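Take a look at the sequence and the model below. This report covers nonpolar cores first, then two backbone angles.

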Amino acid sequence: MKTIIRIATLPLFTALVIGCIPEKRIVWSPDGERAAVATPKGLFLINAEGKVLDSRPTGSAARCDWFRDGRRLAAVYGVKVKNWTELTAEFTPEQTSDIEKLAKTLHDRLLTYEGSWDDFKIDPDDKIPSAIQIGALLYMRDHRFEGLPEKLGERWEQFKTIEPDLWHMQIFTVNQDKLEPGPVIMRSLSEILQPKVAPNGKNLAFLKAADSENKEQAALQVLPVDGGGVRIVAQNVARDYDWSP
């Protein structure tokens with residue numbers, strides 16, 4: 001299925017979302033004793049009788065995969081970001097500088113724009129990574145908004161309510177039917193999809209748009225569970241994949 005740019009309240013303010021990818025929503029542990037159920041409202045753990053167990057990660061839509069030991073779970077979930085301050089730790093000083101420059105340019109363009117807002121683009125040349133665009137939008141809203149409420153009117157009121165997802169990939173351990181949170185091994189403003197644990201438990205594969213590019217297509221990426229850099233295995237991949245045994 002086609003990847004899309006999902007529009008939040010008006011075409012000006014966009015966040016990258018890879019859409020229409022079918023995923024398993026009920027994932028049983030290898031021993032069949034419990035299942036993780038991924039829902040639009042978060043991740044739930046149930047036992048074999050269907051009872052909902054205590055403790056779960058809070059956030060938006062979730063997906064997950066079990067380690068072969070049946071005790072650990074790799075979960076992906078989104079946490080709403082309310083303002084620029086909550087995002088500052090996600091960017092390097094160089095990226096923050098790029099965000100501030102883009103916010104200034106965007107602010108000036110908005111004040112002088114006279115066309116239809118449906119035709120306005122943050123990045124007309126499609127060269128700026130989506131994470132930088134999202135950062136610039138929140139920075140502009142919080143720190144460089146002079147004249148924008150008057151220019152945008154009701155659209156500005158809508159813009160103030162936007163809360164993009166910061167996606168987390170975290171390891172959990174099941175202890176006496178409770179999910180105990182472990183390390184967060186990745187955070188991203190681009191949605192993380194289809195996490196799959198390698199058979200040896202050392203790596204996690206997933207689908208996500210590449211951070212360095214402004215493209216809608218998903219890239220297959222691999223991340224070591226115990227820390228290390230992300231490696232892009234393939235760009236523009238099919239919407240499903242699997243590890244060899």
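The largest nonpolar core in this predicted model has 27 residues. L87, F91 and M140 have the most contacts inside this core. Four elements give two or more residues to the core: α1 (93-112), α2 (130-143), α3 (148-152) and α4 (154-159). Of these, α2 gives the most, with 8 residues.

What is L87 in contact with, leaving aside its neighbours within four places in sequence? The partners of L87 are V81, G135, L138, L166 and L189.

A second core is separate from the largest one. This second core has 15 residues, among them A38, L53, C64 and A75.

**Backbone angles**

Now to phi. Two residues are listed here with their values.

| Residue | Phi | Citation |
|---|---|---|
| D126 | near 55° | positive, in a residue other than glycine |
| N236 | near 55° | positive, in a residue other than glycine |

Where does D126 sit? D126 is found in the loop between α1 and α2. Both of these helices also give residues to the largest core.

N236 lies elsewhere, in the segment after β13 (231-234). Is N236 buried, partly exposed or exposed? The relative accessibility of N236 is 47%, so N236 counts as partly exposed. The cut-offs behind this are under 20% for buried and over 50% for exposed, with partly exposed in between.

Methods. Residues are numbered from 1 along each chain as its sequence is written. This is a predicted model: local features need pLDDT of at least 70, side-chain atom pairs count only at pLDDT 80 or more; totals for chains, interfaces and linings use all residues. Side-chain values use heavy atoms; hydrogens and water are left out. A nonpolar core is a set of buried Ala, Val, Leu, Ile, Met, Phe, Trp, Tyr and Cys residues joined through side-chain atoms within 4.5 Å. Buried means under 20% relative accessible area, exposed over 50%, partly exposed in between (1.4 Å probe, protein chains only). Contact means heavy atoms within 4.5 Å.
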